[in-house]
Amino acid sequence: MPPKTPGDVSHVFTPVYQPEYFLLLPLWCRSRVVESESENKLDGETASDSESKSEFGGSSPVPTSDDTPEVLNRALSNLSSRWKNWWVRGILTLAMITFFFIIIYLGPMVLMTIVMCVQIKCFHEIITIGYNVYHSYDLPWFRTLSWYFLLCVNYFFYGETVTDYFFTLVQREEPLRILSKYHRFISFALYLTGFCMFVLSLVKKHYRLQFYMFGWTHVTLLIVVTQSHLIIHNLFEGMIWFIVPISCVICNDIMAYMFGFFFGRTPLIKLSPKKTWEGFIGGFFSTVLFGLLLSYVMSGYRCFTCPVEFNNDTNSFTVDCEPSELFQLQEYNIPVVLQSVVGWKTVRMYPFQIHSIALSTFASLIGPFGGFFASGFKRAFKIKDFANTIPGHGGIMDRFDCQYLMATFVNVYIASFIRGPNPSKLIQQFLTLRPDQQLHIFNTLKAHLVDRGILGSLEDA
């Protein structure tokens, strides 16, 4: 066992110590123990936390610096730090919103590419924090293994997506057909290779640290890759299912900040001291109203409402279809209680607008808990931001912590309340069967329709 340094008393004293022993300590050692205890009490650490910090060399924070562009620093030099931060965040927010509109205009392929890039950057930020916290740069092969597992998981998820949405293209090309047929076996073999490499890389003095990082990598994959995969699935259901939820989270983040900045007085949660009830409530009502308006505008355009499909003739994506009932104006009766207030008896709106209320409500009430979770994570490891990629906003993960939670909700919501059987996909699979299997299905379906009286009526017509 390596000798302890003079300043390291964690191997001698636990957070609970005897006063008579404390009096025998030298002055410098007393102050060290008191400071250590006060930090533990403030951060809510337990004895096991202190032991972990001793074993892994302490949880040194990831260094942060002022990454504000020099142009903004000079332009805002006369403002207080509070208002300087307000302007920096505002300007960069407008820039990000502009970029968001541009990639939407460029179409689904660009959107999917951006989602992949965001996923990789978020994975990099969280893994880097793990390296810094646990001082694991010297672990054999672990950086390589982390990125290898990212590749394996992406191959599994996106291979399933390609097979599902590009079925005819996959069946047309022999190599793709083989990869599709044995996709899960290949994915398992790739992961098993990484698992064996991890076991072979275990080093006697670093067993626990290596398993810490193994778990860290897999939790990161679960949070980042799975959610980004669900975002792609939402996109294929129609760009409106991608744009509206993301826009609601952005709107809630902005309006909660604005209401909290100007009217905030009552703290909301200890994990985020700057969050206030005024901002939380103001963000909720603003987001619901914004969701209704945005849904009304987008529901009138087929390019937003139609599912994203692959055209085999042109080898490109198409978003042209006959809008479903969700995106056709309908007349609704206003409750009698509200008729005297608004002066109307009926209102014309898209059914999707009703669903947008559920989406915006989740984005306002539950979505922020993704941010609170991220705040707790950062406080646990004494870091201010995941990275300094975006001046005034932190890292990419700081901006997408709520988006990932929202993506899961939207995917579950579509599967539970919106999506039904897809005839085109059933026909595609039917055509790939052997002739005898197709004939069996045809006879079964014919007998079923005759029993229900549907086939006879069609023949009479």
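The following paragraphs lead through a predicted model of a protein chain, from its overall make-up to its core, one helix pair and two individual residues.

The protein chain contains 21 helices and 6 strands, and 38% of its 461 residues count as buried. If one takes the contacts in the chain with a separation of 6 or more, 68% of them are accounted for by residues 24 or more positions apart.

The largest nonpolar core has 75 residues, and those with the most contacts inside it are Trp-241 and Phe-242. The elements that give two or more residues to this core include helix 5 (81-106), helix 6 (108-134), helix 7 (142-165) and helix 11 (207-236), and among them are also helix 12 (239-263), helix 13 (277-298), helix 16 (351-365) and helix 18 (396-418). Helix 6 gives the most to this core, with 12 residues. Around Trp-241, once its neighbours within four places in sequence are left aside, the residues in contact are Asn-234, Leu-326, Phe-327, Phe-352, Leu-359, Val-410, Tyr-413, Ile-414 and Ile-418.

Two of the elements that contribute to the core, helix 5 and helix 6, can be examined as a pair. Their axes come within 6 Å and cross at roughly 130°, and because of this angle helix 5 is oblique to helix 6. On the side of helix 5, the residues that take part are Phe-99, Ile-103, Ile-104 and Leu-106, which meet Val-110, Leu-111 and Ile-114 in helix 6. Sorted by class, the contact of helix 5 with helix 6 has 7 nonpolar residues, with no polar and no charged ones.

A polar residue offers another view of the interior. Asn-154 lies in helix 7, and because its relative accessibility is 9%, which falls under the 20% limit, Asn-154 counts as buried. Its side chain makes a polar contact with the side chain of Gln-119, at 2.7 Å. When residues up to four places away in sequence are not counted, Asn-154 touches Met-116, Gln-119, Gly-159 and Val-225.

The last residue to consider is Thr-168, which is placed in helix 8 (residues 167-172). Is Thr-168 buried or partly exposed? With a relative accessibility of 28%, Thr-168 counts as partly exposed, because that value lies between the 20% and 50% limits. The C-alpha atom of Thr-168 is separated by 7.0 Å from that of Gln-428, although the two residues are 260 residues apart along the chain.

Definitions and conventions. Residues numbered from 1 in each chain as written. Predicted model: local features only at pLDDT ≥ 70, side-chain atom pairs only at ≥ 80, totals over all residues. Heavy atoms only, no water. Core = buried A, V, L, I, M, F, W, Y, C linked by side-chain atoms within 4.5 Å. Buried < 20%, exposed > 50% of the residue type's maximum accessible area, 1.4 Å probe, protein only. Helix = DSSP H or I, 4+ residues; strand = E, 2+ residues; numbered from the N terminus. Contact = heavy atoms within 4.5 Å. Axes fitted to C-alpha atoms, helices over the stretch in contact; angles between N-to-C directions. Parallel < 35°, antiparallel > 145°, perpendicular 65-115°, else oblique. Nonpolar A, V, L, I, M, F, W, Y, C, P; charged D, E, K, R; others polar. Polar contact = N/O pair within 3.5 Å; in protein donor to acceptor, adjacent residues only side chain to side chain.
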